[in-house]
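Visitor: Before we turn to the details, could you show me the sequence and the model, and then take me through the disulfides?

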Amino acid sequence: DAEMEVAARGLEADEDFRPLACNDGLSSAQCSPWSSMFSRAPLNEIVVPCGQCVTMDVTGELSLAAGLDIQGKLVFPDGAKLTLRAPYIRVQGELHMFSSKIPNGQEDVKFIIYGIDETVTS
C-alpha cells in the first residue's frame, strides 16, 4: 500500500527533504581523489561540491578544524583506514562507505565530532 511505500523510502518521504538538483547525474560521475582536491590541513570548511564525486584516499588521521560540508558525493572505498576529526559533518548530498572486512571490534573509519572545542578524552 502507499503508506508502506512512503515509510520504506525513509528520508525521501519527509516533505522537507529534497535531493539537490545539481546531483541528478551523480550516480554516473567520475570520482576525483580527495588528495587532489583538498589540503591535508585546511583552514576553511571543506565543501565537497554539488554534482561532484570525491573518493577518500587519505589514510591515518585527518583533521578538518573548520568542518566538512558534503553537498556532492563522498565515497570511503573498501579498505579505507582513517580517523576524521571535525566540529561537524553536514551531509546534504551523499556519503558512501563500503567494507568487506569481517567485523573484529576495530574500526577502520572513525568520525570524531567534537563541536566547537576539541576536548576529546579517551
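Guide: A disulfide is taken here as a pair of cysteine sulfur atoms within 2.5 Å, and the model in which such pairs are sought is a predicted one.

Visitor: How many disulfides does the structure hold?

Guide: The cut-off for a pair of cysteine sulfur atoms is 2.5 Å. Cys22 and Cys50 are joined with S to S 1.6 Å, and Cys31 and Cys53 are joined with S to S 1.9 Å. The number of disulfides that the structure holds is 2.

Visitor: Which handedness does the link of Cys22 and Cys50 have?

Guide: This pair links distant parts of the chain, with Cys22 in the loop between α1 (2-8) and β1 (31-33) and Cys50 in the loop between β2 (46-48) and β3 (53-55), 28 residues apart. The angle about the S-S bond is 85°, and the link of Cys22 and Cys50 is right-handed.

Visitor: Is Cys53 buried or exposed?

Guide: Cys53 lies in strand β3 and is linked to Cys31 in strand β1, 22 residues away. Its partner Cys31 is partly exposed, with a relative accessible area of 29%. Because buried means under 20% relative accessible area, the value of 2% makes Cys53 buried.

Visitor: What is the pairing of the bonded cysteines, numbered in sequence order?

Guide: One disulfide joins Cys22 to Cys50, while another joins Cys31 to Cys53. With the bonded cysteines of the chain numbered in sequence order, the pairing is 1-3, 2-4.

Methods. Residues are numbered from 1 along each chain as its sequence is written. This is a predicted model: local features need pLDDT of at least 70, side-chain atom pairs count only at pLDDT 80 or more; totals for chains, interfaces and linings use all residues. Side-chain values use heavy atoms; hydrogens and water are left out. Helices (H or I, at least four residues) and strands (E, at least two) are DSSP runs, numbered from the N terminus. Buried means under 20% relative accessible area, exposed over 50%, partly exposed in between (1.4 Å probe, protein chains only).
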